[in-house]
Amino acid sequence: MTALIIVLVVAVVLIAWLVGIYNRLVKLRNQFKNAFSQIDVQLKRRYDLIPNLVETAKGYMKHERETLEAVIAARNKAQAAVQAAAARPGDPAAMQGLTGAEAGLTGALGRFFALAESYPDLKANQNMLSLQEELTSTENKVAFSRQAYNDAVMAYNTARESFPDTIIAGATGFGPAQLFELEAPAVERAAPKVSFS
Amino acid sequence: MNFFERQEEARRSTRKLVGLFALAVFLIVLSVYLAVALAATWAEDLDLDVWNLTVFGWVAAVTLTVIVVGSLYKIATLRGGGQTVGRLLGGRPLQPNTRDLKERRLLNVVEEMALASGMAVPTVYVLDKEKGINAFAAGFGPGDTVIGVTRGCLDLLSRDELQGVIGHEFSHALNGDMRLNLRLMGLLHGILVIAMIGYWILRTTSSGSSSSSSSSSSSKKGGGGGIAFLGLAFLIIGGIGVFFGRLIKSAVSRQREFLGDAAAVQFTRNPSSIAGALKKIGGLEAGSRITNSHAEEASHFFFGNGMAKGFSAKLDDILATHPPLLDRIKRIEPNFDGKLPAVDAGAVSQAQQLAAKEEEAGGFVPGFAPRAPAPAGPPPAEAAPRTVDVDPATIADTVGTLDQAHLELASSFLARLPPALRDAARDPSGACAIVFGLLLDRNAALRRRQLEELEAAVDAPIHAETLKLAPTLDQCPVEARLPLLDLAMPALRRLSEPQYRVFRSAAERLIAADAKLSLFEFTLQRILLRHLEPHFHPARPPAVAYGSLRAVSRQASLLLSILAHAGQAQAERAAQAFAAGAGQLADTRAVASLLPFEQCGLADLDRALAALVQAAPAMKRRLLEACAATIAFDKRVTIQEGELLRAISDSLDCPMPPFLPGQALA
């Protein structure tokens, strides 16, 4: 009789403890998911700005159709990638895809702005200036939200991997979450090509 | 009934609730004992006396432990306050800078209501999986409120109706109901836990006996049956807990729902807003039902009855957390005919989408038809010290309420706010920049030094953003600064913990840059810490610790002295102002005399306010009246004095709506 009661009490305390750990993991997971939706808002804003940018530039850069198309293609690819990532934030494959697509877009935009340098009329265009300004500020905001997201992922991963949480995490399917890091695109790293032809 | 009386009432309800809880616990212990006795008799043919004191002692000890552990566990998890409840119910926090039209509209309604009532803008959660129309407010106080809204609410209600529902929730947020709700949720978990254990035992024994029946065929048949019986008994006994839990909840919750509806009408001056929302609940098939598995424990948080109908209508009536829908509508619209037109979820949704688009387009804001046109150009620059309308006699009655004038003030403030600032306030990095910008000194040399400090403390983009916003912020009128800070709160709560630490230390460095603490810096720092610190580092919320003014007489004299010195430069007039304030306190001996200016440090005020927040509601009312009398002594209240009064009121957990501009100015 007494033994049964003791077993019961121990079981209750043990369960409460395990539930506590589980709930903490859920909380941390929700935190990084929410942090991702913050990036999501900013990235979408960025993707909405890019067609305007291209539209404005079209009138001036008549002979750079390829570059403009590359920017739009990269933007569409990034938009699809962020949709995939938003559906499953933290999922390694989706996040890698987003990282890659974002790098591609940054590269394409870099080439676009480098080219735009040689069109003084475009550079002076008021619309272009304000779009460029807004794009920069959105990118800053993305960087800030990315920091928040990575902080949250770090906290989650640390909890997930440390004992005893790791037992619960393993048993209840808390997979590792992927950081959102931007790899510097190849164009930025490579030295500018100078041709005298 | 005003704010302070309702706070007192909430405290009284707590006592009643503890009584009911104790009764429930006693009955549960008794039933567990009977169940154990029966189980023992049947299973082992043990002849147990009906009153075996040792066994009863054991049973009582174990049952109480289970209840206490259950309650303490829940109370510990709920320490996170409103955000925990929001998460528990499957909510998703809205991004303050969301671009979804419906979400934007909801946030606009919440922002207006918060600014109008003088509360920091709460975080808003959306329960995406709930198709019914329902909403809740949760938190420990006005500072950490979370407002939750179901998907159905977002999709099916018009802006007016949404405003009514949010008004109802704000009245809970402003009146201390939420805190009681959280306590209740924690406490009741202990008695619900028994039913949960019973369910668990039953499930494990039934699955265990089916799988291992071959191995240990019938050696302990009786024991297994006994355990299963025990599980069943736990479930039934747990039913007592569930019953009492509902009874306690309905005892505290029902009357408040009428009060909440009445408050919504008072806030919006539009009875059809809340009545319309209630009618839509009635006409909708999903009604106000909440499907989340935690709906039972949180049923008393909601706007409408979240639970499905039970077996017996009569029992439902006794145990319902909410009054019947038709009664609620009839109280608002006495000649209501009882007809609830059916709501077609699809069609309404489309119409709402269109309406939301119109709002985004800017021009038309339903609910604010007679809005004053927004003046073009930047707000007028600072002229002679402007005054606000403060009436010391009625000031305490405005706490925890708002009316249409305040709502209009808030919505015109939002409309007049430069778009750059509005956007920044809704974005985490922008919100940091706004706080830094507000802290920048007007003195050019000092500002340069502050900016250098800032550059060293934060990332380059934030520094750049601060530089960009600074000129706009300099243009802002004084009275716009604190509302701007309130507006930035939800975005600041989105910072990650490390980001928050960087933000806080950078703000502290900016404040310390000139080696003295100005009144505005003090106010800003206090508001920031009060509203953000509990979010990032949950701690025990303050409880009432002082029941008489004499216990806090030192703090009260300091508070009045600082206000007197802030308003009057000459010591003689300051003494008169102090006397005017002290006269408002029923017990004039409770405060000493005016403290000399040198002894009125803001650091002391900080400590004094930390003590005064633990005063009983009725005392807070007297204190606020005394403060108002002190600053209104010369019949002229400057904006700075008014803002200081509001900050003090906020520190005492008594949100005070913004002051309407002084008569002389109009």
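Two strands pair if DSSP finds at least two bridges between them. With that criterion in hand, the tour of this predicted model opens at a sheet in chain B.

**Stop 1: the sheet of chain B**

Select strands E2 and E4 of chain B: five bridges join E2(B) to E4(B), and the two run parallel. Extending the selection to E1 and E3 of chain B completes an open sheet of four strands, ordered E1-E2-E4-E3, with mixed pairing. The edges are held by strand E1 (92-93) and strand E3 (135-138) of chain B; each has a single partner strand, so one side of each is left without a neighbour in the sheet.

Now isolate strand E2, residues 123-127 of chain B. This strand is mostly covered, as five of its five residues are buried. Display the side chains to see the alternation: B:Thr123, B:Tyr125 and B:Leu127 point one way from E2(B), while B:Val124 and B:Val126 point the other way. On one flank, E1(B) and E2(B) pair in the antiparallel sense over two bridges; here B:Pro93 has B:Tyr125 in E2(B) as its bridge partner. B:Tyr125 also stands opposite B:Gly148 in E4(B).

Move next to E3(B). Four bridges join E3(B) to strand E4, residues 146-150 of chain B, and these strands run antiparallel. Two facing positions can be labelled: B:Ala135 stands opposite B:Val149 in E4(B), and B:Phe136 stands opposite B:Gly148 in E4(B). From E3(B), B:Ala135 and B:Ala137 point one way and B:Phe136 and B:Ala138 the other way, all of them buried.

**Stop 2: the largest nonpolar core**

Select B:Val110, B:Ile434, B:Val435, B:Ala488, B:Leu559 and B:Cys627. These are the residues with the most contacts inside the largest nonpolar core, which has 209 residues. Helix H7 (residues 177-211) of chain B gives the most to this core, with 13 residues.

Centre the view on B:Val110. Leaving aside its neighbours within four places in sequence, B:Val110 is in contact with B:Val121, B:Pro122, B:Val124, B:Ile147 and B:Ile166. B:Val124 was met at the previous stop, as one of the buried residues of E2(B).

**Stop 3: domains of chain B**

Colour chain B by its domain assignment: domain 1 (3-82 + 179-209 + 221-332), domain 2 (414-536) and domain 3 (549-651). The centres of domain 2 and domain 3 of chain B, taken over C-alpha atoms, are separated by 28 Å. Where they meet, 10 residues of domain 2 of chain B are in contact with 10 residues of domain 3 of chain B. To view the domain 2 side of this contact, select helix H21 (residues 519-536) of chain B, which supplies the largest share, six residues. By class, the residues on that side of domain 2 divide into six nonpolar, one polar and three charged.

**Stop 4: two single residues of chain B**

Select B:Leu594, in the loop between helix H23 (571-582) and helix H24 (602-612) of chain B. Is this residue buried or exposed? B:Leu594 is buried, because 23 other C-beta atoms lie within 10 Å and the threshold for burial is 20 or more. Beyond its neighbours within four places in sequence, its contacts are B:Ser561, B:Ala564, B:Ala574, B:Ala575 and B:Phe578. A distance monitor between the C-alpha atoms of B:Leu594 and B:Ala579, 15 residues apart in sequence, should read 8.0 Å.

Then select B:Asp474, in helix H18 (residues 460-475) of chain B. B:Asp474 counts as partly exposed, with 13 C-beta neighbours inside 10 Å. Its C-alpha atom is separated by 42 Å from that of B:Tyr546, 72 residues apart along the chain.

**Stop 5: helix H2 of chain A**

Turn to chain A and select residues 65-87. This is helix H2, with 23 residues; from first C-alpha to last it reaches 33 Å, close to the 33 Å expected at 1.5 Å a residue. Its buried residues are A:Val71, A:Ala74, A:Arg75, A:Ala78, A:Ala81, A:Val82 and A:Ala85. These residues pack against helix H1 (2-58) and helix H3 (92-116) of chain A.

**Stop 6: where the chains meet**

Finally, display both chains. Their contact takes 25 residues from chain A and 26 residues from chain B. On the chain A side, the elements that give two or more residues are H1 and helix H5 (126-161). H1(A) provides the largest share of that side, 15 residues. By class, the chain A side has 12 nonpolar, nine polar and four charged residues.

Methods
Residues are numbered from 1 along each chain as its sequence is written. Chains are lettered from A and ligands numbered from 1 in the order in which they are written. This is a predicted model: local features need pLDDT of at least 70, side-chain atom pairs count only at pLDDT 80 or more; totals for chains, interfaces and linings use all residues. The expected span of a helix is 1.5 Å times one less than its number of residues. A residue is buried if 20 or more other C-beta atoms lie within 10 Å of its own, exposed if 12 or fewer, and partly exposed in between; C-beta atoms are placed from the backbone. Two residues are in contact if their C-beta atoms, placed from the backbone, lie within 7 Å. A nonpolar core is a set of buried Ala, Val, Leu, Ile, Met, Phe, Trp, Tyr and Cys residues joined through C-beta atoms within 7 Å. Domain bounds come from an automatic or database domain assignment. Ala, Val, Leu, Ile, Met, Phe, Trp, Tyr, Cys and Pro count as nonpolar, Asp, Glu, Lys and Arg as charged, and the others, Gly among them, as polar.
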